[in-house]
Amino acid sequence: MTTITTVEQLETLYGTPGAASKVKEIDWISDEYAALIKASPFVALATAGPEGLDCSPRGDRGEVVRILDAKRVALPDRRGNDRIDSLRNIVRDPRVALLFLIPGSGTTLRINGRATISADPQLLEDFAVDGKAPRSVILIEVETIYFQCARAIVRARLWDAEAQEAANGLPTPGAILSALSEAKVGGEAYDREWPERARKSLW
């Protein structure tokens, strides 16, 4: 197997990208890109820190990211496991990347930029859902934004109901925790209590 070790080798292997691949990348949020952002309830947030890279799923009721202006978006940090891996990284390295998914659409959207974390009381209140505000909001300055073509979604048949594997037979979170902790954490009780626990802690 030949290992590619230089950019020149890569460019020789792949050739020159077409015009569409270049013209779609801009440094501000166009009306068309704004429409995609507003339609997306899910985004993957990639961050980097001294320990390495991290990619965290984020979802919300309605749009997951709010557009502040043509150069800035805001992502509320909803309740989760409190590991704060992404937030810890942002404090030390502001570079972030976002990948938006839109249910039913093959088009995805990518943003690269720099982030800060705000705990401004008014901002937190603006993002409250059912009276519950996030503990922080990630503010992202857009450096590049562009859509990704549908090939990955089509290949994966991501929105094809017939291709979606049934959950039956897959290890549950409770089973995984139990196996990794020698039955000290997790188990059937964890899975049984999860729906109610989630209902009370979504926001």
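**Pockets, a helix and two rings**

User: What classes make up the lining of the second largest pocket?

Analyst: Five nonpolar, three polar and three charged residues. Gly counts as polar here, Cys as nonpolar and Arg as charged. This is a predicted model, with local features needing pLDDT of at least 70 and side-chain atom pairs pLDDT 80 or more, while totals for chains, interfaces and linings use all residues. Numbering runs from 1 along each chain as its sequence is written, and side-chain values use heavy atoms, without hydrogens or water.

User: What makes a residue part of that lining, and which residues are they?

Analyst: A lining residue has an atom within 4 Å of a pocket point; the points lie on a 1 Å grid, take a 1.4 Å probe, and form an open set with protein on both sides within 12 Å along at least five of seven lines. Leu99, Leu101, Gly106, Thr108, Arg110, Gln148, Cys149, Arg151, Ala152, Ile153 and Arg155 line this one. Strand S5 (95–101), strand S6 (108–118) and helix H6 (151–156) each give two or more of them, and H6 has the largest share, with four. Helices and strands are DSSP runs of at least four and at least two residues.

User: How much space do the two pockets hold?

Analyst: About 1200 Å³ for the largest, and about 170 Å³ for the second largest. The largest has 35 lining residues, with Arg78, Arg79, Gly80, Asn81 and Asp82 nearest its centre. That lining splits into 15 nonpolar, eight polar and twelve charged.

User: How do you know whether H8 has the span expected of its 14 residues?

Analyst: Multiply 1.5 Å by one less than the number of residues. For H8 that gives 20 Å, and the end C-alpha atoms are 20 Å apart, so the two agree. H8 still has a kink of about 45° at Trp194, shortly before Pro195; the bend is the angle between axes fitted to the seven residues ending there and the seven starting there.

User: Why is Arg66 said to lie over a ring, and which one?

Analyst: Because the rule wants CZ of Arg, or NZ of Lys, within 6 Å of the ring centre and within 35 degrees of the normal. Arg66 lies over the face of Phe127 at 3.8 Å from the ring centre. Lys24 is over Phe147, at 4.9 Å.

Definitions and conventions: Points joined across faces, edges and corners; volume = space filled by probe spheres on them.
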